[in-house]
2 protein chains.
Amino acid sequence: MRIGELAARTGVPTRLLRYYEEQGLLAPDRAANGYRDYAEELVDRVGQIRGLLDAGLPTKIIKQVLPCLANPCTIRVATAPAELIATLERERDQMDARITCLSRNRDAISAYLDTARRAPAPRAEPPAPAPSD
Amino acid sequence: MRIGELAARTGVPTRLLRYYEEQGLLAPDRAANGYRDYAEELVDRVGQIRGLLDAGLPTKIIKQVLPCLANPCTIRVATAPAELIATLERERDQMDARITCLSRNRDAISAYLDTARRAPAPRAEPPAPAPSD
DNA sequence: TCAAACATTGACACTAATGTGAAGGAAAGG
DNA sequence: CCTTTCCTTCACATTAGTGTCAATGTTTGA
């Protein structure tokens with residue numbers, strides 16, 4: 001499919017799809033006229049890119065991670081030198097840390113919301129600057 | 001304590017501590033000479049800020065979230081108008097999505113690492129361009 | 001067939017957010 | 001006095017994402 005259709009199906013602007021390609025995250029074929037030609041599975045790929053970016057991973061890392069996640073069944077072990085393994089391990093550990101931090105804070109927010117909902121929302125008061133507790 | 005000590009204890013450069021203050025995430029007192037005077041609990045606060053930033057939350061949101069998470073025991077319900085509640089709910093949902101995405105991909109990476117480790121790391125081969133499966 | 005309407009291309013520049021570097025000056029303390 | 005720490009301020013770096021332009025390709029309808 002061409003870039004317009006992919007944009008429509010993923011909700012990602014054409015401009016951004018070209019940007020991702022520039023960053024090495026996508027590598028569509030080219031038609032004879034120079035138009036990009038996206039394979040069907042790139043629809044999912046774009047979603048995955050969006051998710052990872054939104055999760056805080058930089059494009060440089062996503063570029064390294066994507067090839068390992070593209071075909072879950074056909075993992076390309078052959079393309080994994082020790083260097084990449086190390087990068088992935090580092091990244092996985094960072095993701096673990098991120099998940100932990102996010103979970104903790106999400107729980108804290110949830111707890112706050114629970115408490116706040118129990119009390120009636122008052123008219124806005126001046127922010128209490130750390131009550132002496 | 002002064003900015004240098006806080007930087008030493010948190011590992012966050014003084015420059016960045018001033019930046020966070022500029023963004024409204026920290027509001028240390030000032031000594032007579034103009035020096036910033038950080039309270040003890042701001043050590044933890046800085047750690048929390050770093051975690052949230054690394055988790056992908058923008059400073060603008062952290063600024064709203066922090067007051068609710070600062071004193072887990074002394075939650076300031078009074079300062080939570082409906083608007084803030086809505087913001088927090090939105091943010092919590094986004095954090096949920098982020099956590100889900102991160103977890104999924106972390107698991108995928110882990111699975112890849114497991115497989116890759118089972119096979120000997122070969123000399124780098126040309127990247128297999130999506131084998132037909 | 002011709003032309004208007006629309007999609008795609010590369011390219012340059014720009015914004016917003018996070019983070020750094022460095023200059024120039026003032027305060028603290030030996 | 002001299003060094004260290006701190007102050008403000010301006011500028012810069014990086015990353016993700018957008019705006020826009022002129023040129024070319026495609027589609028469609030008169």
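Ala, Val, Leu, Ile, Met, Phe, Trp, Tyr, Cys and Pro count as nonpolar, Asp, Glu, Lys and Arg as charged, and the others, Gly among them, as polar. The model is predicted: local features need pLDDT of at least 70, side-chain atom pairs count only at pLDDT 80 or more, and totals for chains, interfaces and linings use all residues. Residues are numbered from 1 along each chain as its sequence is written, with chains lettered from A and ligands numbered from 1 in the order in which they are written.

By class, the surface near DNA strand D (C-beta atom, placed from the backbone, within 6 Å of the strand) holds seven nonpolar, five polar and five charged residues. Around strand D there are 17 residues; A:N33, A:P58, B:R2, B:G4 and B:R36 come nearest. Two or more residues each come from α2 of chain A and from α1 (3-10) and α2 (14-22) of chain B. Helices are DSSP runs (H or I, at least four residues), numbered from the N terminus.

DNA strand C also has 17 residues around it, of which A:R2, A:G4, A:R36, B:P58 and B:T59 come nearest. Its surface comprises seven nonpolar, six polar and four charged residues. α2(B) gives the most, with three residues.

The largest nonpolar core (buried Ala, Val, Leu, Ile, Met, Phe, Trp, Tyr and Cys residues joined through C-beta atoms within 7 Å) has 21 residues. Buried means that 20 or more other C-beta atoms, placed from the backbone, lie within 10 Å of a residue's own. A:I49, A:L52 and A:I62 touch the most other members. A second, separate core of 20 residues includes B:Y20, B:Y38, B:V46 and B:L57.

Definitions and conventions. A residue is buried if 20 or more other C-beta atoms lie within 10 Å of its own, exposed if 12 or fewer, and partly exposed in between; C-beta atoms are placed from the backbone.
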